[in-house]
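The following exercises concern side-chain pairing and burial in a predicted model. Each task is followed by a solution in steps.

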Amino acid sequence: MNDQVSLSGQIYPERLLYFAIIKEKWSKRRGSNMIQVGDIVKGPLWPEVVEIKNCTMIQNQFYQVEAYGKNTSKYYQVIILPEQLTNIEIINTSNKKTYSSEELQDYLRYFEFVVDKRFSKTRALGNQHLIPLPHQIEAVYGRMLRVPSVRFLLADDPGAGKTIMAGMLIQELKARQSANRILILVPPLVLKQWQQELKEKFNEDFLIVTRSTLNEYSGKNPFVENDCVITSLYWAARDDVRDLVIEADFDLVIVDEAHKMAAYTSGVKKKKTKRTKLYQLGEIILRHSDHCLLLTATPHKGDVENFRHLMRFIDPDIFSSIGIKETLRDKTNPFIIRRLKEHLKYFDGTPLFPKRTTKTITYHLSEQELKLYEAVTQYVKEHFNRAINRGNNSTAFAMMLLQRRLSSSIEAIHLSLERRYHRLMNLLEEAKQKQMIPSEEVLFDEYEEATLEEQEIFEMKSETCVDAIDLAELELEIEELKKLIAYSGYLREHGVERKWMELEKTLFGVEGLLQKGEKILIFTESTDTLYYLEKKLRSHGVEVAKIIGKFSMEERRKQVERFKHECPIMLATDAGGESINLQFCNQMINYDIPWNPNKLEQRMGRIHRIGQRNEVFVFNLVAGNTREGDVLLTLMTKMEQMRKDLGHDLVYDFIGDRLEDKVADLPTLMQQAILQRERLEDIKKSIDEVLAEEYAELLKIAKEERLAVETIDLPGMKREQYDLAVQKIPARAYAQFAINTLSRHRVKVYSSQNNHVFRIDRMPKFIREFARKHHISLKGKEESYRFTDIAKYANEEVALMKNDHPLFAVSLQLMKEEIEGLVLPFFEAKIPIREALMVEAYEIGLTDGTGRELFRDIVYFARRKNGEIIEIDSYWLYGYSLELVSLHPIEQNESTLLAHALNKVMQKREELVLSNEAQLKALHHKLYLIIEDRCA
């Protein structure tokens, strides 16, 4: 039965403010050139369309006008001279307009869509590329977005998805118009990974800014020219680049591996603080940003003062000093979000991360291999020392690179020596003609600031750097290389490489991994070694997928698919393995061990990550009778034992940092082991001492963190997620709104599949220009659009229409201009319900004292025939098509349900107050502890 229902088409645009002030209705009609309270106007005095809230004449000479932006809710106060009134356009539309049922329904849906885009909780449900996990939802929606200024240290264990949580925060702050300009500082190894994840998971475009970007911008500042930027943390700290970063103001700054921004305090009575360049960068840019998010898995480093300096980025006043009792594990700290891997779970309560087991496979070089090792090591030592004495860092770097190639494979060292030999022969010819050796220098300082792919290219160039200053020296080095190449060539052709034999046994032996039907990811540092392994494996009849740094993302995806469906083995270099996720594989072999512990953790992160359901096994191949192998065995044996005892995977990164703080970084230790064989035992002893100290510290940290763990209410969160899924706007509503709006603007839309798949062959020029004006990216004029309103028809060519689709964005903007100033009439319409209802709709909102909007919603109240007032949800707007019966003009003060809207907003206000009180209570407790410590 189609009963008649009366719906008030008026959407009252008042903002029910934090202090509960309701917009007063006004009854006076304006005189000529006069603006009144309630007018919707535009003009040169405001950057957007505004609604007049107060208008006062002062001394009969000018007007003081207060207004709120219709788009941003921003408060404006201006003084207007009488002659300026002519430049102000009052755009309230006359109610004499005629409406169709479709238009009225679209107008009402428009307000719902606007609120949904900015304040909808349904983004917590994720999208087709991402389903957020409980701890991610709790961090972003339960903690970060509850405060006006987001300033947090997110210190979850590795692999918890800190990039995902950062992306969720970016999406929400942009939707709420709280952050438009965003800077992300990350280690160079993960630049592309961040860019790719933000694009694939959130459709957010970020520009990676490097030295080459600066050259492309020809004097302009790319940090100023672009709103969303990712750049290297280390590179940004360089003096010339730091000035460019400082010049650009950002609303939100995110720092990955934030503990690298370190400062150290020494002394007892006279304390001195050493601020690293990274710390100085953080002090400047984080102080001026409205929001900041620091990401790290190792924030404390066992040093209370170091931790205090890090927390000063969050709040320099509260953390101006810190008591000896102060620790990261204090769960009352309202600025820290910290969850351990072992406590992270899926919605069904199952653990998020499976167990990870690491095994070091030790092998010994044969006598022939050891002879080559000693000969190359002697060559490296001699020319490294000579290069250092002459200040030639590039050649010194090239020598250490040769040593790493020596550890990788006979193939890698042989080809590297050959490339160096040919380069030196060419230089000799040039020198004989010019009587001098051309000087060359690779910018060594930029190596650590480069991406993995750039590092790979850098290494190739560095292999042939020379420091010879006369022909005799050059000729002598060429003779040395000839001998080394002859011997490595002999072993390459006739010898059996022990390292390969160990891998062969691990893969093809009786209990080998391939016999068990496993998929195996094999990492190597050298592309030469990768091709060598590919050839050897194929000789066994094994198909191999591979990824190296120069592969495009499309080629990498193809290789991942081959690995998943066709090949049991994938070979990868560090640069190639960047940004790939292989949760379907749980076996990894490090054919050679990188000298950077962070690279080792990055490798393991390819398979030991969210989505991995099986126990992960990592095998490390180490030559026990080499100098660097001896150091690695000492380090890795100790670290693995610590990891088992502590249950912490972060031990690799933590120990890497502590070694650097107390002794030297791992590359330096390896360099010392190679160059100073007589000090090998001293080096191992230093490592032992540091690890013994750190073991005790880590054990203490682990115990405290387990006591301080806060659990997440999984059943409650699951119920809330279900409610959100039920309440969210159906996808068909987005498509229908876009089709109706575009059709009214003369865009031809064709349908198929029973009106569920739609096609636009050509977008009119004026629509493309309109989109460009409002910074909405559309396809080229000859490209078509295909979209659907039902998920089952969606594929790579047919997009499911959602609120992030560019056509929907254009439609929303078109409707905004169409409806601006429009006062919808009271109307009667038919909907299949059981009784007639008198419905009024209200837009309600809350702002804080600064004018920042905290909440906005559309609420509907209905009066039943018996006089009872009920609240109804918005499903009537999407579940049925309105059948318009009649229109009526709005009578003054006709609204009768305004008090119910006020009660609704007061309820929401109480919720926010309670939430803020909990945050303030934690903050007060923190301040109390600090004051107590100082007094003590």
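**Exercise 1.** Determine how the side chains of Arg-744 and Glu-818 meet, and where the two residues lie.

*Solution.* Step 1: The side chains of Arg-744 and Glu-818 form a salt bridge, with an N to O distance of 3.6 Å. Step 2: Arg-744 belongs to helix α26 and Glu-818 to helix α28, so the pair links distant parts of the chain, 74 residues apart. Step 3: Glu-818 has a relative accessible area of 27% and is partly exposed; Arg-744, at 25% relative accessibility, also counts as partly exposed.

**Exercise 2.** Identify the salt bridge between Glu-102 and Arg-744, and state which residues are linked in the network.

*Solution.* Step 1: In the salt bridge of Glu-102 with Arg-744, the closest N and O atoms are 3.9 Å apart, which satisfies the cut-off of within 4 Å. Step 2: Glu-102 lies in helix α1 (residues 101-119) and Arg-744 in helix α26 (residues 731-744), so this pair ties together parts that are 642 residues apart in sequence. Step 3: Glu-102 is partly exposed, its relative accessible area being 40%. Step 4: The network of salt bridges links Glu-102, Asp-106, Arg-744 and Glu-818.

**Exercise 3.** Establish which parts of the chain are tied together by the salt bridge of Arg-492 with Glu-411, and classify each residue as buried, partly exposed or exposed.

*Solution.* Step 1: The closest N and O atoms of Arg-492 and Glu-411 are 2.8 Å apart. Step 2: Because Arg-492 lies in helix α15 (residues 471-494) and Glu-411 in helix α13 (residues 410-434), the pair ties together parts that are 81 residues apart in sequence. Step 3: Arg-492 counts as partly exposed at 34% relative accessibility. Step 4: Glu-411 has a relative accessible area of 15% and is buried, since buried means under 20%.

**Exercise 4.** Which residues of helix α8 are buried, and what covers them?

*Solution.* Step 1: In helix α8 (residues 239-247), the buried residues are Val-241, Arg-242 and Val-245. Step 2: These residues cover an arc of only 100 degrees around the axis, and therefore lie on the same side of α8. Step 3: Their cover includes β8 (182-186), α5 (211-216), α6 (222-225), α7 (233-236) and α9 (277-287).

**Exercise 5.** Is Ser-811 buried or exposed, and which residues does Ser-811 touch?

*Solution.* Step 1: Ser-811 is found in helix α28 (residues 806-819). Step 2: With a relative accessible area of 0%, Ser-811 is buried. Step 3: Not counting residues up to four places away in sequence, Ser-811 touches Phe-737, Ala-738, Thr-741 and Leu-742.

Technical notes: Residues are numbered from 1 along each chain as its sequence is written. This is a predicted model: local features need pLDDT of at least 70, side-chain atom pairs count only at pLDDT 80 or more; totals for chains, interfaces and linings use all residues. Side-chain values use heavy atoms; hydrogens and water are left out. Buried means under 20% relative accessible area, exposed over 50%, partly exposed in between (1.4 Å probe, protein chains only). Helices (H or I, at least four residues) and strands (E, at least two) are DSSP runs, numbered from the N terminus. The arc is that of the directions from the helix axis to the C-beta atoms. Contact means heavy atoms within 4.5 Å.
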